[in-house]
Amino acid sequence: METLKEKQTESTTKKTITISGAEAIIHCLLAEGVDLLYGYPGGAIMPVYDELYKFQDKLTHILTRHEQGATHAAQGYARVSGKVGVAMATSGPGATNLVTGLADAQIDSTPMVCITGQVPRHLLGSDAFQETDIIGISTPVTKWNYQITTAAEIPEIMAKAFYIARSGRPGPVLVDITKNAQFEEFEFSYEKCTGVRSYNPTPKPSPNAIAAAAELINSAKKPFIVWGQGVILGKAEEELKALVEKAGIPAAWTILGASALDTDHPLNVGMVGMHGNYGPNLLTNECDVLIAIGMRFDDRVTGRLESYATQAKVIHFEIDPAEIHKNVYADVAILGDAKESLNLLLPKINKNTHESWHNIFKEKYQIEFDTVIKNDIHPTKAGLTMGEVIEEINIASGHKAVIVTDVGQHQMIGCRYAKFKQSKSNITSGGLGTMGFALPAAIGAKMGAMDREVVAIIGDGGYQMTIQELGVIFQHKVPVKIVVLNNDHLGMVRQWQELFFEKRYASTVMVNPDFVKIAEGYHIEAKRVSERKDLKETIQKMIASKDAYFLEVKVEQEDNVFPMIPSGASVSEVRLQ
């Protein structure tokens, strides 16, 4: 502020100002380029909110309706914008309500800084009102966390928090600040963190490993690429495309890797995983060289590990050393940033087409199309399917929308059938599988990319876990589009009960409220569609709207998602029905 005392220190030319710890937090955020954060105030963080009030022209705070909503909104913002998402909450239940979002961000490598208030230092450990050991609770689900107990610690810790959150393999960081530290005054100056002792976030690729990988790829008869979100986080989309095209290698994606390569690219053969495409799953166990780029061999991708790609030489491009050999042994491990590693590899790769190998993928796709896909997106039965809803959204949006999915059947259908032309277009909860993710994440995604259409695809179960965030859309006029695919069931659980529990539908039937009336209660335009004749026109109207729009689509209650790899089965045991 203009009235603050300023002076030059004797030992440095950095400007210092005498301010409170609470105001220092605001200055740290501004110094890190933050202009938007999500949160919910309370007693232990109130001094920071009081200072935030004075900086409204520089820093926008979005009041979510639940602290978990703040974390998911920050995640959506980070995933689309590429910036660090920021969320803030008070102590006790405010802080514990952040934990699900922290865990989600940790497993999905989302850069996020969460700031929590804490009781004064002299009350720590006394079971004071709303005291919780959030450092102990959050340690397993954060990349780093720290409790600040004196104001003088704030600049260094905040700088370190942002550096750790965004560097290397990104992740969430939590900073807990006692109330006394927020009131204390000190001489503030800020310097961005550029390194932390013993922390090497971006290893340098080994030239020997690059050469070994090139030799394997050039001699392969049936090479296969599986890429993940590491390509997007490493901004290596163009390098991936160049490798695929130069070497003529069929390439498939994990759900977090979707949109790094155009869906319609001729060498993009689809999605791997439990509900991925038939060909990529089946042929994983027929390739002779498996090239994994920025993916971590999650169990939903590999199925039974003992029978996963055992015939193939495995090349693993990965920035996090902890992922190497963790689930699948790598014959060649290339540690480093995906963009740098691929740029080193590309000159060593021979031009090729692998036409006969790629034709096998085409044959498998035709089998899947005839058995599954055409019935999903061009159904002949009377009831509406989730697949045809996604297809109409593709058409209406010109394949340009950011699709934010929740967790369940609709998530798998959305990831299978959404069409993408631009990176950072598929936002979903991958590793944790958090129901309730999509609505707040879509709000954050829209705020992170106001020039893009953002469509949330949500099931009736997950929608009701964070439905209160409609209040944010209403209050802040966020023009996000919400599509609830309503089958009056917890659909994915019901599918498993049908297939593996002899149709004992235990606690999966949903008796739902009138979703349209609820949306209208928040002054959001809303429509319900239950017949095919109304679907196309309504979706076109939704996409054309400049404001928020809610669409409920009543879909078939007992539709299942196929292909499917049963839990514990091999990728070779993928089922088409």
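**Close-up views of a predicted model**

**View 1. Residues A456 and I482 face each other across neighbouring strands.** A good place to start is A456, which stands opposite I482 of β19. This model is a prediction. The two strands in view are β18 (residues 454–459) and β19 (residues 481–486), paired in the parallel sense over 5 bridges.

**View 2. An open sheet of 6 strands, with two helices on it.** Reading across the sheet, the order is β17-β16-β18-β19-β21-β20, and the pairing is parallel. The edges belong to β17 (426–428) and β20 (525–529); each has a single partner strand, so one side of each is left without a neighbour in the sheet. From one strand to the next, the twist averages 15 degrees. Helix α3 (residues 67–81) packs on this sheet and touches β16 (402–405) and β17, with its direction making about 155 degrees with that of β17. Helix α17 (residues 409–417) lies across β16, β17, β18 and β19, and runs at about 155 degrees to β16.

**View 3. Tyrosine Y463 has aromatic partners in F515 and F550.** The model holds 11 aromatic pairs. Y463 and F515 make one that is edge-to-face, with 5.5 Å from centre to centre and 75 degrees between the planes. This pair links distant parts of the chain, since Y463 sits in helix α19 (residues 460–463) and F515 in helix α22 (residues 515–521), 52 residues apart. Y463 has 0% relative accessibility and counts as buried; F515 is likewise buried, at a relative accessible area of 0%. Y463 also pairs with F550, this time stacked, at 5.6 Å centre to centre and 25 degrees between the planes. Here the link runs from helix α19 to strand β21 (residues 549–554), where F550 is found, and the two residues are 87 apart in the chain. F550 is buried, as is Y463.

**View 4. One aromatic cluster brings together F186, F188 and Y190.** Look for these three rings at once, as F186, F188 and Y190 belong to one cluster.

**View 5. A salt bridge joins R166 and E32.** The model has 25 salt bridges. In this one the side chains of R166 and E32 meet at 3.2 Å, N to O. R166 lies in helix α7 (residues 154–166), while E32 is in the loop between α1 (21–31) and β3 (36–39), so the contact ties together parts that are 134 residues apart in sequence. What about the surroundings of each partner? R166 is partly exposed, at a relative accessible area of 40%, whereas E32 is buried, at 8%.

**View 6. E323 and R169 meet between two loops.** The side chains of E323 and R169 form a salt bridge of 2.8 Å, N to O. E323 belongs to the loop between β14 (313–318) and β15 (332–335), and R169 to the loop between α7 and β8 (172–178); the pair links distant parts of the chain, 154 residues apart. E323 counts as buried, with 5% relative accessibility.

**View 7. D559 meets K381, and a salt-bridge network is shown alongside.** The D559 and K381 side chains come together in a salt bridge of 2.6 Å, N to O. D559 is in the segment after β21 and K381 in the loop between α15 (355–377) and α16 (386–397), which places the partners 178 residues apart in distant parts of the chain. K381 is partly exposed, with a relative accessible area of 35%. Alongside, R169, D320, E323 and K326 are joined into one network by salt bridges that share partners.

**View 8. Helix α5 and its covering.** In α5 (residues 99–107), the buried residues are V99, G101, L102, A103, D104 and A105. Their cover includes α3, α4 (93–96), β6 (112–118), α6 (134–138) and β8. Just after the helix, S109 takes a positive phi of about 55 degrees.

**View 9. Strand β13 is covered on both faces.** Of the 5 residues in β13 (residues 289–293), 5 are buried. V289, I291 and I293 lie on one side, L290 and A292 on the other, and all are buried. Strand β10 (residues 223–227) runs parallel to β13 and is joined to it by 5 bridges; in this pairing, W227 stands opposite I293. β13 also pairs with β14, again in the parallel sense and over 5 bridges. There, V289 has K313 of β14 as its bridge partner.

Note on methods
Residues numbered from 1 in each chain as written. Predicted model: local features only at pLDDT ≥ 70, side-chain atom pairs only at ≥ 80, totals over all residues. Heavy atoms only, no water. Phe/Tyr/Trp six-rings, centres within 6.5 Å; stacked < 30°, edge-to-face > 60°. Helix = DSSP H or I, 4+ residues; strand = E, 2+ residues; numbered from the N terminus. Buried < 20%, exposed > 50% of the residue type's maximum accessible area, 1.4 Å probe, protein only. Pairing = 2+ DSSP bridges. Axes fitted to C-alpha atoms, helices over the stretch in contact; angles between N-to-C directions. Contact = heavy atoms within 4.5 Å. Salt bridge = Lys/Arg side-chain N within 4 Å of Asp/Glu carboxyl O.
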